[in-house]
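User: Please walk me through this structure. I will ask short questions, and I would like each answer to end on the value or name I ask for.

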Amino acid sequence: MQVHRHEHHTSAPGPTSVATMSPAEAYDTAFESAQPDEGRTVVRVELEAREFDWEFVPGTRTRAWGFGGQVPGPTIEAQVGDVLEIRLTNHLPEPTVVHWHGLRIPAVMDGTERVQRPVDPGESYIYRFRVPDAGTFWYHSHFNETVQLERGLYGALIVRAPDEPVFDAERTFVLDDVELEKDGQIRPPGGWIESHDGREGTTRLVNGRQEPEIRMAAGQVERWRIVNAASARYVRLSVGGRPFRIIGTGGGLIPSPVTVTEVLLPAAGRTEIAVGPFAEGETLRIETLPFNRGSFKAHKKAELFATLRVGAAAPSRTQLPDRLREIEPLVTGPVPSNRTVRLGFGLGLKHGVEFNINHEQHHHADPVRVGELQVWEVVNRSPVHHPFHLHGFFFQVLEVNGKAPDHLSWEDTVNVPPFGSVRIAWMADDRPGGWMYHCHILEHHAAGMMAHFEVIR
Ligand code: C2O
Ligand code: CU
C-alpha cells in the first residue's frame, strides 16, 4: 500500500481552530510550540492502525482492528512535561482519527473530525503535544466509533509525575466487551434496541482477552489503573467484595485515599485503586456487580471480568500517604449556573431513536471564554444513565442530584443519572479552538447526543 506521509499538516476544512489562523497554521503553531520541559524529552510513538486476527477468546480467531497489531493498542507512557510525538498511519480500509481522551492539549491536536480531516487509508498524520498532567488516560478512534472501538481501536495512555506514591507493582487494566457471532466474528452494529441501549457485548475482556487469570503475591499492595473502554457498559467494579482504596479518577490523584468495596465506572471512566494485601491461596472475582442503566437489557447478576489468584507472599514496600494531592475547589458557596446542558432523547418518525443536546442533534453550543468560570447544570431528560464527557478540559463535580460528592476530583467524564442532574465547574485555560462535549455511550454520541463549541479569547 502506498503511504503518503503528511509530515506536518493536512488541509483540514471546517471551523477555524484559532480565530485568526488557518487550520494549517494552527497545526504548525501547536506542533512547534510543543516543547518538553527542562530535563524532559520527546517520546516518539508509531501507531499503525490496521486489521488483523486477534484471539479475544482463546482458540477463536476474530478479525479485529487495532493499533500496532494488538488489542488494546500499545500503552503509551510518558512523564509530565514530556512531549508525545505520535505518528498515526492508517492501514484500515476506511478513514480514522485518534482522540486523546482526558489530555489537556491544544484544540487542533484533539483528534476529532471537528479539528482535522480524518486520516484516509494509506495516509499518516503526526500528533505532537506536551502532556501537562499525571493520570490514567486513553486514546481511541473518534471516527465511526461504534465499529472502530468495538473492533479494538483504543489503548491506555499513562502519564506519571516524579513524586508518585510507591507501590509493590502497578498494572493497567483496560476493560471492554465485544459481541461475537457464532463464527467468532464481531457482530456489526444494528437494531433498535442496540441503538437505544448501546452495545453491550457478552464477551467481557481485560486487556483484549476474555476473563483472564491474574496472579498477585500475598502481602503486597498494587496500584491498578483501570480504563472502561466499552461502548456502553457501566462497570460496577468489585474485587472479591474486599475493601480497596480509590486513589485517583479520570483527572489524576484525588486528595486522599477513599476506602470502598466497589466503584462505578461509566463508559470512558477511569479509576486508580490500591488493591491488597491478600492472603496466599485466595481466589477473588474481579467482576461487575449488577447495575441497571435503564436499558432494555438489564444486568441482574454479577459478571466476571477476571480471576485474581494470590500466590506466595512477598515483602511489601508500598507506601500510601494519607495526602495524595492538593486540589483547590473552583467554587465555594452557592453559584448560579451559566449553562444548562439538556441530555434528551426522543423517538423520531424519520430516524427512530434520536439523542440530542438542548433538543438539537449534534448541537451547536455557545462559545466559552478563556479564564471565565463555567458552572454548568447537566440535566438528563431521559430514563437512562448517560456518561457526559467534556473534551480537553477537566471539571470538578459540584453536585449530583443536589448532593455534593464526598471528595474533590478532576474529571473529564461524569455519570448523569436518569432524570437527574449534575453540576460541574471548570475554567478554560488559554487553548482556544473547536471543542465538544458528548455522551460517551458510542451509539448515543453517533445518534446526536453531542455538542460543538468554541473556546475563544
Ligand atoms: Cu473518549 Cu469524544 O471521546
Ligand atoms: Cu447516552
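User: Which spacing do the donors of the copper ion (ligand 2) follow along the chain?
Analyst: This is a predicted model, where local features need pLDDT of at least 70, side-chain atom pairs count only at pLDDT 80 or more, and totals for chains, interfaces and linings use all residues. Residues are numbered from 1 along each chain as its sequence is written, chains are lettered from A and ligands numbered from 1 in the order in which they are written, and side-chain values use heavy atoms, with hydrogens and water left out. Donors are N, O and S atoms within 2.8 Å of the metal (3.2 Å for Na, K and Ca); water is not among the atoms, so sites may look incomplete. Along the chain, the donors of the copper ion (ligand 2) follow H-x52-C-x4-H.

User: How many residues apart are His386 and His444?
Analyst: His386 lies in strand E27 (residues 386-390) and His444 in helix H4 (residues 442-446). Helices (H or I, at least four residues) and strands (E, at least two) are DSSP runs, numbered from the N terminus. The pair links distant parts of the chain, 58 residues apart.

User: Which protein atoms are donors of the copper ion (ligand 2)?
Analyst: They lie 2.0 to 2.1 Å from the ion. Both histidines, His386 and His444, are buried (under 20% relative accessible area; exposed is over 50%, partly exposed in between; 1.4 Å probe, protein chains only). The donors are His386 (ND1), Cys439 (SG) and His444 (ND1).

User: Is Ala268 buried or exposed?
Analyst: Ala268 is found in the loop between strand E18 (263-265) and strand E19 (270-275). Its relative accessibility is 0%, so Ala268 counts as buried.

User: Which residues is Ala268 in contact with, leaving aside its neighbours within four places in sequence?
Analyst: Contact means heavy atoms within 4.5 Å. The C-alpha atoms of Ala268 and Val235 are separated by 10 Å, at 33 residues apart along the chain. The contacts of Ala268 are His101, Trp138, Asn228, Thr413 and His440.

User: What is the bridge partner of His101 in E8?
Analyst: Strand E8 (residues 135-141) runs antiparallel to E6, and four bridges join the two. Two strands pair if DSSP finds at least two bridges between them. The partner of His101 is Trp138.

User: Why is one side of E4 and of E6 left without a neighbour in the sheet?
Analyst: The sheet is open and mixed, with four strands in the order E4-E9-E8-E6. Strand E4 (76-79) and strand E6 (98-101) have one side free because each stands at an edge, with a single partner strand.

User: Which are the edge strands of the open sheet of five strands?
Analyst: The order is E13-E21-E20-E15-E18, with mixed pairing. E13 runs parallel to strand E21 (residues 303-313), joined by six bridges. Within that pair, Glu213 stands opposite Thr307. The edge strands, each pairing on one side only, are strand E13 (213-218) and E18.

User: Which residues are closest to the centre of the largest pocket?
Analyst: On a 1 Å grid over the protein atoms alone, a pocket is an open set of points with protein on both sides within 12 Å along at least five of seven lines, and lining residues have an atom within 4 Å of a point. The largest pocket holds about 850 Å³. Its lining has 28 residues, and closest to the centre are Val263, Leu264, Pro405, His407 and Glu411.

User: How much space lies in the largest cavity?
Analyst: A cavity is a set of grid points where a 1.4 Å probe fits but cannot get out. Points are joined across faces, edges and corners, and a volume is the space filled by probe spheres set on them. The structure holds four cavities of 30 Å³ or more. The space in the largest is about 70 Å³.
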